[in-house]
Every structure is written in C-alpha cells, then in structure tokens.
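Work through the following exercises with the sequence and the model at hand. Try each task before reading its solution.

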Amino acid sequence: MKDFLKAAGKILVLKQDPNKPQVPCILRSLYYTGGKVYATDRAVMIWAAAPSEQEGAYDYNTGERYDIKLNVERVIPDTDKSVVRLTLNKRGASMLLQALKPLPKLFDKGEFPVITAYWSYRDLTVRAHSEAFDIAYQFPSLGAVSGPDEAVCTRLMADKLVIVLEYLLHVSECFTIYVSPKCPVLFLGDSAGAVLALCKDPAK
C-alpha cells in the first residue's frame, strides 16, 4: 500500500492553484470499490488491492469522504482488444525505466512531454523529439507478442509512463502491457495495474 500511496501522490492534484478553477474531488481522492483502491487524473489511473472494505471516494490529504461515483470498469480496456502484448520482468522494466526517466526533463516548461512508442514483435522503439532535441531508443529484447505484420504506434505522456513503470516495478515481479491503436494502454501486474491514455496526434 505504501508504494501505491507514493505513486498516487504523484498523480493526484494535491494543491489547489488559487488562480485556476476548482479541481474536481475525484482528482484529489482515493477511490475504493470492489476490493481495490484507485487514483486517477485525466491521463492515467493506477490501482492496488485495498486493505479494507471501504467504498467510495476519500480525500488523499484529509480523509474526507465525497459523495461521487467513478465507473472504473468503463476506463479499463478489454485485454481481448489488444493488438500486441509485452510482458516485462524486473530486469526489462528497470532497463526501460532507466532510459525513459530523464526524458520529461528535456522538454521546455509548458511543453507536453509526449513520446512515441512503436510496439512490434521485433522490438520496442521509443522516440522523444522537440525543436531542441531528437532522441530514439531501440530495445531489441523487448519484442511484443504479436503477429509479424502487427505493430502499434502510440503517443504517450512520458512523465505519466515513468510513474506507472516505477509503481509496477516496486509491486510486481512482472507485469504485462496491452496495447491497441484506439484504446488506452493497459498494465496488469500482481494485484495492481494502471491505464495510460493515448495522446492525440496533431498531424491527424
């Protein structure tokens, strides 16, 4: 639970900017349902097995209960719809995390740290670029389970992906990533998981 709370603290909006509209309660709460606890923002959702039978939303900082509902099942994509699947053990996850962790800091302030991930049976290729840099990493040992002609190109928020990988690396011996062209990326580990939204391609 400690690892979940640490990751949730990076995702949730815990400080209200007085110059911005009020943050919705769900974006600063832990949500308990069906024996699991969830934390979400507009781009990512993580979960873990809940240590209690609590139900509902509770403020992360104060514990105040909010009368709101979150349809978590609607957010989580069906694994059967995935085109490629990649299972990472701790070694593979650590290698990927080591490469990705510095990337968000390369983007200018106010610039979204969006990276492109190309998943295929041959390898995983990650590219980050802006006007100031263009970096690509290729991971031949991280080929996904897919047909030889099946591959998926996704655009993802690098900072959110780093949070997900760090979290699952700490709580699971291995986890599987399910990828499809039109659904959020699904991560399933040992009693824990995450969903990461796709970023729109501005060229389309």
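**Exercise 1.** Find how many bridges join strand β7 to β10, and state whether the two run parallel or antiparallel.

Solution. Start from strand β7, which covers residues 114-120. This is a predicted model, in which local features need pLDDT of at least 70, side-chain atom pairs count only at pLDDT 80 or more, and totals for chains, interfaces and linings use all residues. Residues are numbered from 1 along each chain as its sequence is written, and side-chain values use heavy atoms, with hydrogens and water left out. Strands are DSSP runs of E with at least two residues, helices are runs of H or I with at least four, and both are numbered from the N terminus. Two strands pair if DSSP finds at least two bridges between them. Between β7 and β10 there are seven bridges, and the strands run antiparallel. As one example, I115 has L156 of β10 opposite.

**Exercise 2.** Place this pair in its sheet and determine which strands stand at the edges.

Solution. First, write down the order: β9-β8-β7-β10, an open sheet of four strands with antiparallel pairing. Next, look for strands with a single partner: these are β9 (134-139) and β10 (151-157), so each has one side without a neighbour in the sheet. Then take the turn between neighbouring strands, which averages 15 degrees with direction ignored.

**Exercise 3.** Identify which strands of this sheet helix α3 touches, and which α4 touches.

Solution. A contact means heavy atoms within 4.5 Å. Axes are lines fitted to C-alpha atoms, for helices over the stretch in contact, and angles run from 0 to 180 degrees between N-to-C directions. Helix α3 (residues 90-100) packs on the sheet and touches β7, β8 (124-129) and β9; the angle between its direction and that of β9 is about 175 degrees. Helix α4 packs on the sheet through β7 and β10, with a direction at about 100 degrees to that of β10.

**Exercise 4.** Decide whether A144 is buried or exposed, and list what it touches.

Solution. Begin with the location: A144 sits in the loop between β9 and β10. Buried means under 20% relative accessible area, exposed over 50%, and partly exposed in between (1.4 Å probe, protein chains only). The relative accessible area of A144 is 8%, so this residue is buried. Leaving out residues up to four places away in sequence, A144 is in contact with V84, R85, L86, S120 and Y121. For a distance, take A117, which is 27 residues apart from A144 along the chain: their C-alpha atoms are separated by 12 Å.

**Exercise 5.** Work out the order of the nine-strand sheet and name its edge strands.

Solution. The order is β5-β4-β1-β2-β3-β13-β12-β11-β6, in an open sheet with antiparallel pairing. Its edge strands are β5 (65-66) and β6 (84-89), each of which pairs on one side only. Helix α1 (residues 2-11) packs on this sheet against β1 (29-33), β2 (36-40) and β3, and its direction makes about 160 degrees with that of β3. Helix α4 (residues 158-171) lies across β3, β11 (174-179), β12 (185-188) and β13, at about 170 degrees to β13.

**Exercise 6.** Follow the chain from β1 to β3 and on to the pairing with β13, naming the bridge partners of Y31, V37 and A48.

Solution. Step one: β1 and β2 are antiparallel and joined by three bridges, with Y31 partnered by Y38. Their hairpin has two residues between the strands, and G34 takes a positive phi near 60 degrees there. Step two: a hairpin of three residues leads from β2 to β3, and five bridges join these antiparallel strands. V37 has A48 as its partner in β3. In β2, four of the five residues are buried. Step three: β3 (residues 44-49) pairs with β13 over five bridges in the antiparallel sense, where A48 stands opposite A192.

**Exercise 7.** Describe the chain as a whole: how many helices and strands does it have?

Solution. Count four helices and 13 strands. Of the 204 residues, 44% are buried. Along the principal axes, the C-alpha trace spans about 50 × 35 × 30 Å.
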